[in-house]
Amino acid sequence: MGSVSLKIGDGTARFRRTSICSSAVNLLMLFSVVTTNLFALYAFSSHSQANSPLLHNSNNISLVSQHLSLILREIDSSQRKLAQMEKQMLGYESIDISRPNIVPELKLFLQRHQLPLGKDSRTGITEMVSSVGHSCEKSADLLSQYMSYKVFDRCPDDWSLGQKLILRACEPLPRRRCLAKTVQKQDLSRWPDSLWRSVSNKSVNWSGLGCKSFDCLKGKKLSRECVGCFDLGNEKDRFVKVKGKNDFLIDDVLGLGSGKIRIGFDISGGSGTFAARMAEKNVTIITNTLNNGAPFSEFIAARGLFPLFLSLDHRFPVLDNVFDLIHASSGLDVEGKAEKLEFLMFDLDRVLKPGGLFWLDNFYCANDEKKKDLTRLIERFGYKKLKWVIGEKADAQVYLSAVLQKPVRA
């Protein structure tokens with residue numbers, strides 16, 4: 001069967017081909033009905049024989065009772081299978097809230113709630129469903145710990161527990177009904193001085209971190225992209241002075257965008273210096289970050305910039321074709337199978353506008369095979385190569401820098 005459309009006023013009523021899941025449910029229901037009828041026929045035929053003068057005894061009555069019990073068990077089993085298949089099709093009951101280790105607050109959050117006005121005519125939705133990552137099921141104990149708090153009171157000082165859940169793919173986290181901990185004194189600078197003014201230690205919640213001050217962080221190598229990145233005096237030369245042939249200047253890259261670069265997304269890591277430099281050019285940048293070993297999010301926010309607390313495994317919460325620019329570096333090298341990088345690259349391509357720029361900034365090529373894999377993957381997208389430089393740095397390791405332009409796809 002194909003699709004049939006009926007014009008009703010200005011709208012269209014569509015009868016679509018049944019899905020695989022709905023077909024499976026129909027087959028299971030048909031099997032249950034046929035099985036039930038067969039058992040019923042057998043039971044009644046046995047019962048009719050039991051009414052004959054020759055076979056009327058208590059053994060036959062017991063046999064009929066057994067058959068009826070079997071029918072009831074079969075019906076109950078079929079109903080449980082149907083309910084389970086319905087949950088799997090709906091996709092929002094992966095966490096069994098009947099388990100004893102699930103705390104009441106988590107149960108309340110995960111419960112479905114009927115829409116106050118009934119079924120929504122546009123979407124067909126009848127219930128409100130809370131959003132929570134499917135992998136939270138594997139960390140149910142930690143999740144229950146995260147949801148253990150006094151309602152309408154202060155939240156426990158457990159942001160690191162929430163990040164641990166995110167890194168275990170329990171993302172998004174459930175909402176909570178408690179007040180997050182605040183710092184005693186923000187001590188923030190005015191814009192635009194805040195871009196390069198030292199951030200006060202009092203502006204940060206240091207719990208769960210090894211260092212308790214920014215002076216402690218200044219000399220640390222927290223990642224390939226963050227070597228002393230909390231020292232803003234050292235950061236001031238980035239993107240405005242060339243240290244090697246793999247370094248591109250912001251003005252040169254913006255020139256390739258023909259003046260149409262207005263908003264962008266940075267997944268390179270670091271302390272927000274790329275976003276700060278772009279802000280000086282009237283370009284708004286969202287910086288994707290987690291607090292791995294340091295208060296990256298608070299530091300970026302204290303500079304007057306926009307941190308997005310999100311892992312790279314999460315589908316980016318923006319619509320298709322939004323950003324004019326995406327900036328990435330070695331943080332793009334997610335570990336695991338090649339398909340994991342492909343999922344990430346396709347999502348980055350999704351949120352980048354046609355004609356937008358993808359700036360790959362000093363991507364570390366661990367080996368020649370890694371460089372070839374990334375090159376082949378980029379070429380599959382059909383991007384135009386505006387800049388493409390492969391070179392070595394002082395550490396004798398190979399890096400790839402490129403500026404690529406997304407094509408228009410019909």
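This note goes through the predicted model point by point, from the chain as a whole to a few of its elements.

1. Overall make-up. The protein chain holds 12 helices and 11 strands, and of its 410 residues 38% count as buried. If one takes the contacts between residues at least 6 apart in sequence, 64% of them join residues at least 24 apart, and a reader who follows the chain in the structure should keep that figure in mind when looking at the points below.

2. Helix 5. This helix covers residues 159–167, and its buried residues are L161, G162, Q163, L165 and I166. Among the elements that cover these buried residues are helix 4 (140–146) and strand 7 (306–309). Just after helix 5 the chain reaches A169, whose phi is positive, at about 75 degrees.

3. Strand 5 and its two partners. Strand 5 (residues 263–266) pairs with strand 6 (residues 284–289) in the parallel sense, over four bridges, and one of the residues to look for is I263, whose bridge partner in strand 6 is T284. Between these strands the chain passes from strand 5 through helix 9 (residues 273–279) to strand 6, in a β-α-β crossover that is right-handed. Strand 5 also pairs with strand 8 (residues 323–328), again in the parallel sense, here over three bridges, and G264 stands opposite L325 of strand 8.

4. Strand 9 and its surroundings. Where does strand 8 lead if one follows its pairing with strand 9? The two run parallel and are joined by five bridges, with W359 of strand 9 as the bridge partner of H327. Strand 9 is joined by seven bridges to strand 11 (residues 398–405), and these two strands run antiparallel; in this pairing Y364 stands opposite Y399 of strand 11. Strand 9 spans residues 352–365, and because 11 of its 14 residues are buried, it is largely enclosed by the rest of the structure. As a general point for reading any such strand, the side chains of a regular strand alternate between the two faces of the sheet.

5. F316. Is F316, a residue worth finding in the structure, buried or exposed? F316 lies in the loop between strand 7 and strand 8, and its relative accessible area is 2%, which means that F316 is buried, since the cut-off for that word is under 20%. Leaving aside its neighbours within four places in sequence, F316 is in contact with F265, N288, L310, L344, D347, L348, R350 and V351. One of these, D347, is 31 residues away along the chain, yet the C-alpha atoms of F316 and D347 are separated by 7.2 Å.

6. Helices 11 and 12. Two packed helices are described by the angle between their axes and the distance between the axes. For helix 11 (residues 338–351) and helix 12 (residues 368–380), the axes come within 11 Å and cross at roughly 35 degrees, and the crossing is right-handed. On the side of helix 11 the contact is made by L341, E342 and M345, and on the side of helix 12 by L374, L377 and I378. The residues of this contact divide into five nonpolar, no polar and one charged.

Terms used
Residues numbered from 1 in each chain as written. Predicted model: local features only at pLDDT ≥ 70, side-chain atom pairs only at ≥ 80, totals over all residues. Heavy atoms only, no water. Buried < 20%, exposed > 50% of the residue type's maximum accessible area, 1.4 Å probe, protein only. Contact = heavy atoms within 4.5 Å. Pairing = 2+ DSSP bridges. Right-handed = clockwise from strand over helix to strand, strands pointing away. Axes fitted to C-alpha atoms, helices over the stretch in contact; angles between N-to-C directions. Left-handed = near helix turned anticlockwise from the far one by under 90°. Nonpolar A, V, L, I, M, F, W, Y, C, P; charged D, E, K, R; others polar.
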